[in-house]
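This report goes through one protein structure, from its cysteines to its overall make-up. Please keep the sequence and the model at hand while reading.

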Amino acid sequence: FSKSVPGDVNAALLFDGGNDVVIVQDDSAINFGTSSYTIETRCRYLDISEDAYMVAKGDSYQLGVREDFDSKWQLLSGNGAIMKSVFSNSAAVVGQWYHVVGTRADDGTLKLYIDGILQDDTTDVLTVDITSTDVLLFGCDTLPSLGNVPSVGQQRKFANCEIDYVILYDKALNKNEVLSRAGGAKFRSRFSNNAGRRARYS
């Protein structure tokens, strides 16, 4: 890493856009199969010159900004053969901190929240099994050396960004929970006793 820097809530990791990446080995706790899930992060981009995801686990799930889609936030999820996505209503602003949450509900509906506000919903549902053996990456969407190459065509793009934290849940947070979480650190202890296994990286 280039360095650890002050974040929006905690200390953040600075990803330089060149070769910085966090690698989390594959584990059952981060494979959601056909079940619901939530990806939560607090982060900001320092440059948006190409597509580069904050969080990516092969085809299973990817969360970040798509420069080729008007620099909008995207939650992309699937199994390679079937992929579904939902986008934010507006473009990400370079240098601005965001609380970003992507969820898949029990019925397969994908939702994306930006700073606690629900964005456009998908009209289709994703009911396929999204289990994969890919590693989980922060700050990069692919690492071909580890076999982590999604079928949708990304080619090792590193994000120039700061990530305060990432939390994965094996449930879909509802809109009230997301809004509470978007409030920042003061909501963290209140939410910690809520049901749902979490894998946290901060």
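## Cysteines

Cys161 has a relative accessibility of 0%, so this residue counts as buried. The model is a predicted one, and the number of disulfides in it is zero. Cys43 takes part in no disulfide, and the nearest cysteine sulfur to it, that of Cys161, is 6.9 Å away. Cys43 is also buried, at a relative accessible area of 0%.

Why is the sulfur of Cys161 not bonded to that of Cys43? A disulfide is a covalent bond between the sulfur atoms of two cysteines. A pair of cysteine sulfur atoms has to lie within 2.5 Å to count as one. The sulfur of Cys161 has its closest cysteine sulfur in Cys43, and because that distance is 6.9 Å, the two are too far apart for a bond.

## Strand 13 and its partners

Strand 13 covers residues 160-169, and nine of its 10 residues are buried, so the strand is largely enclosed by the rest of the structure. Which strands pair with strand 13? Strand 2, residues 11-16, pairs with strand 13 in the antiparallel sense over four bridges. Within strand 13, Cys161 is the bridge partner of Phe15.

Strand 4, residues 37-45, also pairs with strand 13 in the antiparallel sense, here over eight bridges. In this pairing Val166 of strand 13 stands opposite Thr41.

## Gly17

Gly17 sits in the loop that joins strand 2 to strand 3, the latter being residues 22-24. Is Gly17 buried or partly exposed? Gly17 counts as partly exposed because its relative accessibility is 30%, and the range for that class starts at 20% and ends at 50%.

Leaving out residues up to four places away in sequence, Gly17 touches Phe158, Ala159 and Asn160; Asn160 is also where strand 13 (residues 160-169) begins. Gly17 and Ala52 are 35 residues apart along the chain, and their C-alpha atoms are separated by 8.9 Å.

## Gln119

Gln119 belongs to the loop between strand 11 (117-118) and strand 12 (136-138). Its relative accessibility is 9%, so Gln119 counts as buried, the limit being under 20%.

What lies 2.9 Å from a polar atom of the Gln119 side chain? The backbone oxygen of Ile117 is at that distance. Apart from neighbours within four places in sequence, Gln119 is in contact with Phe87, Ser88, Asn89 and Ser90, and also with Leu112, Tyr113 and Ile114.

## Nonpolar cores

The largest nonpolar core has 35 residues, of which Tyr61, Trp73 and Phe138 touch the most other members. Another core, of seven residues, lies apart from it and includes Val101, Tyr113, Ile167 and Leu173. Tyr113 is thus named twice here: as a member of the seven-residue core and as a contact of Gln119.

## Overall make-up

The secondary structure of the protein consists of two helices and 14 strands. The protein has 202 residues, and 51% of them are buried. It exposes about 8,600 Å², with carbon and sulfur atoms supplying 46% of that area.

How many of the contacts between residues at least 6 apart in sequence join residues at least 24 apart? In the protein, 63% of these contacts do.

Methods: Residues are numbered from 1 along each chain as its sequence is written. This is a predicted model: local features need pLDDT of at least 70, side-chain atom pairs count only at pLDDT 80 or more; totals for chains, interfaces and linings use all residues. Side-chain values use heavy atoms; hydrogens and water are left out. Buried means under 20% relative accessible area, exposed over 50%, partly exposed in between (1.4 Å probe, protein chains only). A polar contact is a pair of N or O atoms within 3.5 Å; within protein, one must be able to donate a hydrogen and the other to accept it, and residues adjacent in sequence count only if both atoms are side-chain atoms. Contact means heavy atoms within 4.5 Å. A nonpolar core is a set of buried Ala, Val, Leu, Ile, Met, Phe, Trp, Tyr and Cys residues joined through side-chain atoms within 4.5 Å. Accessible areas come from the Shrake-Rupley method with a 1.4 Å probe; for residues, only the protein chains shown count as cover. Two strands pair if DSSP finds at least two bridges between them.
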